[in-house]
Amino acid sequence: MKSDIPTLIYGGGLDTQTAVVYGREVHRHLPRSMLLEWPANGHILISMSLDICAGTIAAAFLDAPDTSPDTACATTADYKIPFEKYYRIMADKLAGDK
């Protein structure tokens with residue numbers, strides 16, 4: 001597949017229906033595409049984004065598809081998997097069990 005049409009691709013790290021690697025592959029073949037990966041989200045990101053970040057980015061892209069939209073909201077802690085936090089909780093619990 002090849003196209004010169006500006007395309008916004010979202011990839012959800014927890015998507016059980018469409019793996020992120022497929023989005024990466026599509027992005028590789030579309031020279032005017034923009035790929036945003038959301039590690040802590042699944043398949044229907046735009047409707048599940050409580051702070052409307054994903055929808056805001058999509059709207060900005062549709063308004064000006066040749067300009068990269070501001071994606072700063074996608075880098076907040078809300079869109080990351082807090083493994084470090086859970087690791088510490090479990091480490092503290094295990095240390096207390098000894």
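How many helices and strands are there in the protein? The predicted model contains 4 helices and 2 strands. Read from the N terminus on, these elements follow the order β-α-β-α-α-α. Of the 98 residues in the protein, 22% are buried. Among contacts with a separation of 6 or more, 68% are accounted for by residues 24 or more positions apart.

The two strands were examined with the helix between them. Strand S1 comprises residues 7-12 and strand S2 residues 33-38, and the two pair in the parallel sense over 6 bridges. Within this pairing, Gly-12 stands opposite Trp-38 of S2. Helix H1, spanning residues 20-29, joins S1 and S2 in a β-α-β unit, and this unit is right-handed.

Attention then turned to the segment that leads from S1 into H1. Asp-15 is located in the loop between S1 and H1. This residue is buried, yet no salt bridge is found for Asp-15. The nearest side chain of opposite charge belongs to Arg-24 and is 12 Å away, and because a salt bridge requires the charged atoms to lie within 4 Å, Arg-24 does not serve as a partner for Asp-15. Polar atoms are nevertheless found around the side chain of Asp-15. One of its polar atoms lies 2.9 Å from the backbone nitrogen of Thr-18. In addition, the side chains of Asp-15 and His-43 make a polar contact at 2.8 Å. When residues up to four places away in sequence are not counted, Asp-15 touches Asn-41, Gly-42 and His-43. His-43 thus appears both among the residues touched by Asp-15 and as its side-chain polar partner.

A second residue, Val-26, was considered within the β-α-β unit. Val-26 lies in helix H1, the helix that stands with S1 and S2 in the right-handed unit. Its relative accessibility is 28%, and Val-26 therefore counts as partly exposed. With residues up to four places away in sequence left out, Val-26 touches Met-1 and Ile-9. Met-1 and Val-26 are 25 residues apart along the chain, and their C-alpha atoms are separated by 7.7 Å.

Technical notes:
Residues are numbered from 1 along each chain as its sequence is written. This is a predicted model: local features need pLDDT of at least 70, side-chain atom pairs count only at pLDDT 80 or more; totals for chains, interfaces and linings use all residues. Side-chain values use heavy atoms; hydrogens and water are left out. Two strands pair if DSSP finds at least two bridges between them. A crossover is right-handed if, with the strands pointing away from the viewer, the path from the first strand over the helix to the second runs clockwise. Buried means under 20% relative accessible area, exposed over 50%, partly exposed in between (1.4 Å probe, protein chains only). Lys and Arg count as positive and Asp and Glu as negative; His and the chain ends are not counted. A polar contact is a pair of N or O atoms within 3.5 Å; within protein, one must be able to donate a hydrogen and the other to accept it, and residues adjacent in sequence count only if both atoms are side-chain atoms. Contact means heavy atoms within 4.5 Å.
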